[in-house]
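Please open the structure in your viewer and keep the selection tool at hand. The stops below say what to select next and what is to be found there.

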Amino acid sequence: MLALPAAEPDRVMPKIATWNVNSLKVRLPQVLDWLAREQPDVLALQETKLQDADFPAADIEAAGYHVAYAGQKTYNGVAVLSREPGSARVTDLPGLDDPQRRVLGLSVGALRVLDLYVPNGQEVGSEKYAYKLGWLATLADYVAAQLAEHPQLVVLGDFNIAPDDRDVHDPEAWRDKILCSEAERAALRRLLDLGLSDTFRLFEQEPKSFSWWDYRGMGFRRNLGLRIDLILASAPLAARCRTCRVDKAPRKLERPSDHAPVVAEFAD
DNA sequence: ATGGTGGCGCGGCCA
């Protein structure tokens, strides 16, 4: 029997996805179905809402994925599933002493993955809004350092920021509201200006493409959404990006997450 | 300004 050739060390994973599942306990069957159908090389999850002792690692491993996670009870929680094993796991932003589990950095092959659940901010001017902006400022310093260290960096997750008016179903209604305020958008632009591309905007997209729809008021059926789930890629990685799309199918299921997965594919 | 829905967990917080 011939041995399979070893994976080339500089090969970048071709299919990378992000999905805010709003409770992995509830959504695990949907996640397992989606993995089987889409077979991503990396899937970053947010809002797992599970402490690590309760994380369903065995089910995910049985589906053929390695998994790293950083969770807490009830709120937040992030995980990265990968075909290849991950290493060099990081769960905190340097300089931010924060019990909230919102960050998971992981190396998968030559790729560096940074999975984020950016704070929501609740309302412009609130304490949580100040926390969000401070968190994003700390993140920018960390991303700058990560870019210097890892040429092939993907920063993905629920950013809780709609980058511009194209990403908002009703820009006038949302003007200066949470997820759309100028300060939040400026914080996101600062990240992009470090050398990241919003892969979704590398390609022509249908107008009114969103990744999140409020559960209330039949938001999904009326397409009253925002695009707040992003896959940002460093320049060498963005140069190889071939597609980025929102997969609305899981949002149509019974008992869905309020977010849909976003998927980017890369040439080898 | 509030409430609409959903998850967690069993009252109220968070999104």
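Begin with DNA strand B: of its atoms within 4 Å of the protein, 67% belong to sugar or phosphate, and the rest belong to bases. Keep in mind throughout the tour that this is a predicted model.

Now select the residues around this strand. There are 14 of them, and Ser23, Arg27, Thr74, Lys128 and Arg216 come nearest. Sorted by class, the surface near DNA strand B has six charged, four polar and four nonpolar residues.

Which part of the strand does each of three side chains meet? Select serine 23, where an N or O atom of the side chain is 2.4 Å from a phosphate oxygen of DNA strand B. At threonine 74 the partner of the side-chain N or O atom is again a phosphate oxygen of the strand, at 3.2 Å. Turn then to arginine 216, where an N or O atom in the side chain is 3.0 Å from a base oxygen of DNA strand B.

Next, select methionine 218, which is in the loop between strand 10 (212-213) and strand 11 (225-226). Its relative accessibility is 48%, so methionine 218 counts as partly exposed. The backbone deserves a look here, since phi of methionine 218 is near 55°, a positive value in a residue other than glycine. Most residues other than glycine have a negative phi.

Asparagine 160 also has a positive phi, of about 50°, although it is not a glycine. You will find asparagine 160 in the loop between strand 8 and helix 4 (171-174). Is asparagine 160 buried or exposed? With a relative accessible area of 4%, asparagine 160 is buried.

Move on to histidine 150, in the loop between helix 3 (127-149) and strand 8 (153-158). Histidine 150 counts as buried because its relative accessible area is 18%, which falls under the 20% limit. If its neighbours within four places in sequence are left aside, histidine 150 is in contact with Ser107 and Arg112.

Finish with the cysteines. How many disulfides are there? The count is zero, and two of the cysteines let you see why, given that a disulfide requires sulfur atoms within 2.5 Å. Select cysteine 241, whose sulfur is 6.1 Å from the closest cysteine sulfur, in cysteine 244, and therefore too far for a bond. The sulfur of cysteine 180 also has its closest cysteine sulfur in cysteine 244, but at 19 Å, so that this pair too is too far apart for a bond. Cysteine 241 is buried, with a relative accessible area of 5%, and cysteine 180 is buried as well, with a value of 3%.

Note on methods:
Residues are numbered from 1 along each chain as its sequence is written. Chains are lettered from A and ligands numbered from 1 in the order in which they are written. This is a predicted model: local features need pLDDT of at least 70, side-chain atom pairs count only at pLDDT 80 or more; totals for chains, interfaces and linings use all residues. Side-chain values use heavy atoms; hydrogens and water are left out. Helices (H or I, at least four residues) and strands (E, at least two) are DSSP runs, numbered from the N terminus. Buried means under 20% relative accessible area, exposed over 50%, partly exposed in between (1.4 Å probe, protein chains only). Contact means heavy atoms within 4.5 Å. A residue is near a molecule or strand if one of its heavy atoms lies within 4 Å of it. A polar contact is a pair of N or O atoms within 3.5 Å; within protein, one must be able to donate a hydrogen and the other to accept it, and residues adjacent in sequence count only if both atoms are side-chain atoms. Ala, Val, Leu, Ile, Met, Phe, Trp, Tyr, Cys and Pro count as nonpolar, Asp, Glu, Lys and Arg as charged, and the others, Gly among them, as polar.
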